[in-house]
Number of protein chains: 2
Amino acid sequence: MQVKFLLKDSDIPKTWYNIIADMPKPPEAVLHPGTGKPIGPADLAPLFPMPLIEQEVSSQREIPIPDEIREIYALWRPTPMFRARRLEEAIGTKSRIYYKYEGVSPAGSHKPNTSIPQAYYNKMSGRKRIATETGAGQWGSAMAIAGAFFGLEVKVYMVKVSYNQKPYRRMLMEAYGAKVVASPSPDTNSGRGILAQAPDSPGSLGIAISEAVEDAATREDTSYALGSVLNHVCLHQTVVGLEAQEQMKLAGDYPDVVIACCGGGSNLAGIGFPFLRDKIAGKRNPRIVAVEPSSCPTLTKGVYAYDFGDTAQLTPLVKMYTLGHDFVPAGIHAGGLRYHGDSPLVSQLCHEGLLDAQAYNQTVVFQSAVTFARSEGLLPAPESSHAIHAAVVEAKQADQEGKQKTILFNLSGHGFFDLTAYDDFLNGRLQDYEYPKEKIAEALHRLPKVGA
Amino acid sequence: MQVKFLLKDSDIPKTWYNIIADMPKPPEAVLHPGTGKPIGPADLAPLFPMPLIEQEVSSQREIPIPDEIREIYALWRPTPMFRARRLEEAIGTKSRIYYKYEGVSPAGSHKPNTSIPQAYYNKMSGRKRIATETGAGQWGSAMAIAGAFFGLEVKVYMVKVSYNQKPYRRMLMEAYGAKVVASPSPDTNSGRGILAQAPDSPGSLGIAISEAVEDAATREDTSYALGSVLNHVCLHQTVVGLEAQEQMKLAGDYPDVVIACCGGGSNLAGIGFPFLRDKIAGKRNPRIVAVEPSSCPTLTKGVYAYDFGDTAQLTPLVKMYTLGHDFVPAGIHAGGLRYHGDSPLVSQLCHEGLLDAQAYNQTVVFQSAVTFARSEGLLPAPESSHAIHAAVVEAKQADQEGKQKTILFNLSGHGFFDLTAYDDFLNGRLQDYEYPKEKIAEALHRLPKVGA
């Protein structure tokens, strides 16, 4: 009774899949925040090395993965795909549930799939340093590991409240040699400015982004790096779905539904885009489902419009589903899903009806997480648990309809750093948050007027 | 360039390897602490179900692994074996270094290899509850997961100082449904006795063992479970070495040296005994090396004599290397290696010259751990890092001698719950502890006079 479907080192994909080549319409232009005019590669050069900018705008379907990256991917890739037989039994479904498990990476999540190529292209382009921001620390630790592998200095601006409350992730980044500062920090103009006004500022992702961008923009040896949202990040993550397609073949099956949690969108893109390619080509008809928290329901309740990627209005304007760039989501445990916007590619595909979206509150999500842990063994991250819950709902619904479905979801990371969330759940301390309708109207009101 | 050597679900060993069948001399008798006479299976029946007692005393070479256990092993087994090419490069060695990685288990270590069969045989024997103790929580969480899988209630007596200082492991056990109390607890006579005298007692592993044993001995539906030391625990762990032997064949190689850290001994037994079988049979001549901390150098500086397994002198007397049952090791970060004694099987084989032992201080161990993390990616547990360091020393020595060796070590677990240890190391706060010679004479003095 096989439960694991494994590929060999030599099966690591040789190319990333670029969905831009297959999208019904080309991606919407990215606009300069001042002029409202489309920006070009040169505008991005102070922040990113040219190979990454080329990937950002490329419409080439298959982009080769350099051997140096595949050799590092081989430290944990191909990741296993599991048939969740014990979960199926626990919830009493007749559907078949599979999950791809990205928690085997050194950082414990899918994030190194992109931090490794980002570090590689920076190294190849002669950059010596990378500046980035991190909230709870998932992305920062993935970037720290990548920096260690390629001998790049990594500076992480970590939101101060997390820096103080979640020291383990900070220690993990430091174990890999990264320099971590609490943001707002005295190391940048924007940080100093905020500290002068509010010495006790708890920080925010918006502030941390401003600091990292300023750091990169003002030092020639330094690039900025982002862990989600951007096209090249989504591109790198497609190794997940490409492997899963081979593993579904080993299982002699094909998913009716492909499910992933969705914050900035790269995790959904990673497992979903290769299957979406089959759908667009008319070869198969999988439903791709993005799962978000009810407290930050970007795809399910946001508006599709041009908006800033950050709170401080420093980034270019991108067309995406957004709750408004100044929306501050409730403090749910799935920190990686607390983003006001979404990947422009994911947004556009969702807008065109090629992706579905669902939102759930964290209490039911943790109920499914505990059911999963006690049947399959692995302790899931709160973010990934959104996908688990959607898979459970999907399976139960199929049972009610007398159908038997094949369900695949991405278990994007483990929950070893999120145990206080489980503790809160088990002791009845979890709070649910609904996103009130009136906020949508407010958000629309505050959107920039360009490109509409 | 292959770095991972993977086996399939169907390659999970079908039998455990029992080294008792191949030992030059039969194991020394276990003695009753009161009478000094050998004890038999019936004496153990209040604590363990009969199938485990049979395994404890069996001399059958291959003991079948029930399908129900193999199906659960398949959730993470066979574990991967890696060629540590990037570590080799980082330390500039010409030797080949391989490591087996047990951190992919749900508990993050090798411990579930035995907690699963222990839960299974208890379930089969009609027991409803398991009582056990845990220090830092590694073993307790492995037992909690096993209880969840087989529907057994698990009660964990967790040393109070760890219960308060390391809440994450407690939360992990609770996420799997176990009941965890700080020990000394008001739930047992021994706990109440200690609390009456010393309400602020920080607890100790000795006290926690007393509580768990009392719990099991006084309730018919309850067994006691131990995570190391005993013969049946060493037996269950041999899946590690049996898989590694197949994986070395895939690599077209065979180890000159097999290295594992050694606290209670089951980790060393797990990877080492199957290779030792080759050595005893004269087929191959691998050196098997147990690595311990300098602060608790049981095999390297202890005496080989009958002693109690616990501080409170409740357990039977076993012949083993010991530092004296009342020895309290320094508070090093590798909590799993802080045991005054050692597995009787490991001890006897070491005494007979079939196993080597080495001891290292924690500062050099963490230096190697960080080198490993920054080259191979995975963050190792402090215990496992002892094996990493010994492998690095072995490789460097081979280079000095102009030799090229094949080195295999067991990376028994990840270090995600041990980040404060890395923080201490990186900030120069680690302390080294030597075991003074005069303590050996003292320990000899306090040993029980039976069976000498």
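Q: A salt bridge is a side-chain nitrogen of Lys or Arg within 4 Å of a carboxyl oxygen of Asp or Glu. With which residue does A:Arg219 form a salt bridge?

A: The model is predicted, and the atoms are those of the model. A:Arg219 is bridged to A:Asp221, and the closest N and O atoms are 3.1 Å apart. That separation lies within the 4 Å limit, so the pair qualifies. In chain B, the side chains of B:Asp221 and B:Arg219 likewise meet in a salt bridge, at 3.1 Å from N to O. Over all chains, the structure holds 53 salt bridges.

Q: Are A:Arg219 and A:Asp221 buried, partly exposed or exposed?

A: The reading depends on relative accessible area: under 20% is buried, over 50% is exposed, and values in between are partly exposed. A:Arg219 has a relative accessibility of 37%, so this residue counts as partly exposed. A:Asp221 has a relative accessible area of 26% and is partly exposed as well. In chain B, B:Asp221 stands at 26% and B:Arg219 at 36%; B:Asp221 is partly exposed, as is B:Arg219.

Q: How many salt bridges are counted between chain A and chain B?

A: Here one looks for bridges whose partners belong to separate chains. The count between chain A and chain B is four. In one of these, B:Arg170 meets A:Asp423 at 3.1 Å, N to O. This pair runs from helix H8 (residues 167-175) of chain B to helix H17 of chain A, and both B:Arg170 and A:Asp423 are buried. The side chains of B:Asp423 and A:Arg170 also meet in a salt bridge, at 3.1 Å from N to O.

Q: Which residues are linked with A:Arg170 in a network of salt bridges?

A: A network is read by following bridges from residue to residue. A:Arg170 is linked in this way with A:Glu174, B:Asp423, B:Asp424 and B:Arg429.

Q: How should the interface as a whole be read, and what area is buried between chain A and chain B?

A: Contacts, area and polar pairs are taken in turn. In terms of contacts, 44 residues of chain A touch 44 residues of chain B. The buried area is about 4000 Å², and carbon and sulfur atoms give 63% of this. On the side of chain A, the residues that lose the most area to chain B are A:Leu75, A:Tyr168 and A:Phe416, together 16% of what that side buries. Between the two chains, 17 residue pairs are in polar contact, both residues being at pLDDT 80 or more. The elements of chain A that give two or more residues to the side touching chain B include helix H6 (138-150), helix H8 (167-175) and helix H15 (362-376). H8(A) supplies the largest share of that side, six residues.

Q: How many aromatic pairs does the structure hold, and how is the geometry of a pair classed?

A: There are 31 aromatic pairs over all chains. The class follows from the angle between the ring planes: under 30 degrees is stacked, over 60 is edge-to-face, and the rest are tilted. The rings of A:Tyr304 and A:Tyr321 lie 5.2 Å apart, centre to centre, with planes at 35°, so this pair is tilted. A:Tyr304 belongs to strand S12 (residues 303-308) and A:Tyr321 to strand S13 (residues 317-322), both of chain A, so the pair ties together parts that are 17 residues apart in sequence. Both A:Tyr304 and A:Tyr321 are buried. B:Tyr120 and B:Tyr121 form an edge-to-face pair, 5.1 Å between centres and 75° between planes; both of these residues are buried. Ring pairs also join A:Phe82, A:Tyr99, A:Phe372 and A:Phe409 into a cluster.

Q: Over which ring does the charged end of B:Arg86 sit?

A: For such a case, one looks at the position of the charge relative to the ring centre. The charged end of B:Arg86 sits over the ring of A:Phe149, 4.4 Å from its centre. Within chain B, the charged end of B:Arg83 sits over the ring of B:Tyr98, 5.8 Å from the ring centre.

Q: How is the setting of a single residue described, and where is A:His236 placed?

A: One gives the element, the accessibility and the contacts. A:His236 is in helix H11 (residues 231-251) of chain A. A:His236 has a relative accessible area of 0% and is buried. Beyond four places in sequence, the contacts of A:His236 include A:Trp16, A:Tyr73, A:Asn113 and A:Tyr121. As a second case, A:Gly336 lies in the loop between S13 and helix H14 (344-351) of chain A and is partly exposed at 47%. Leaving out residues up to four places away in sequence, A:Gly336 touches A:Gly263, A:Gly264 and A:Glu383.

Methods:
Residues are numbered from 1 along each chain as its sequence is written. Chains are lettered from A and ligands numbered from 1 in the order in which they are written. This is a predicted model: local features need pLDDT of at least 70, side-chain atom pairs count only at pLDDT 80 or more; totals for chains, interfaces and linings use all residues. Side-chain values use heavy atoms; hydrogens and water are left out. Rings of Phe, Tyr and Trp (its six-membered ring) pair if their centres lie within 6.5 Å; planes under 30 degrees apart count as stacked, over 60 as edge-to-face and the rest as tilted. Helices (H or I, at least four residues) and strands (E, at least two) are DSSP runs, numbered from the N terminus. Buried means under 20% relative accessible area, exposed over 50%, partly exposed in between (1.4 Å probe, protein chains only). A charge sits over a ring if NZ of Lys or CZ of Arg is within 6 Å of the ring centre and within 35 degrees of the ring normal. Contact means heavy atoms within 4.5 Å. Buried area is the accessible area (1.4 Å probe) that two parts lose on being put together, summed over both. A polar contact is a pair of N or O atoms within 3.5 Å; within protein, one must be able to donate a hydrogen and the other to accept it, and residues adjacent in sequence count only if both atoms are side-chain atoms.
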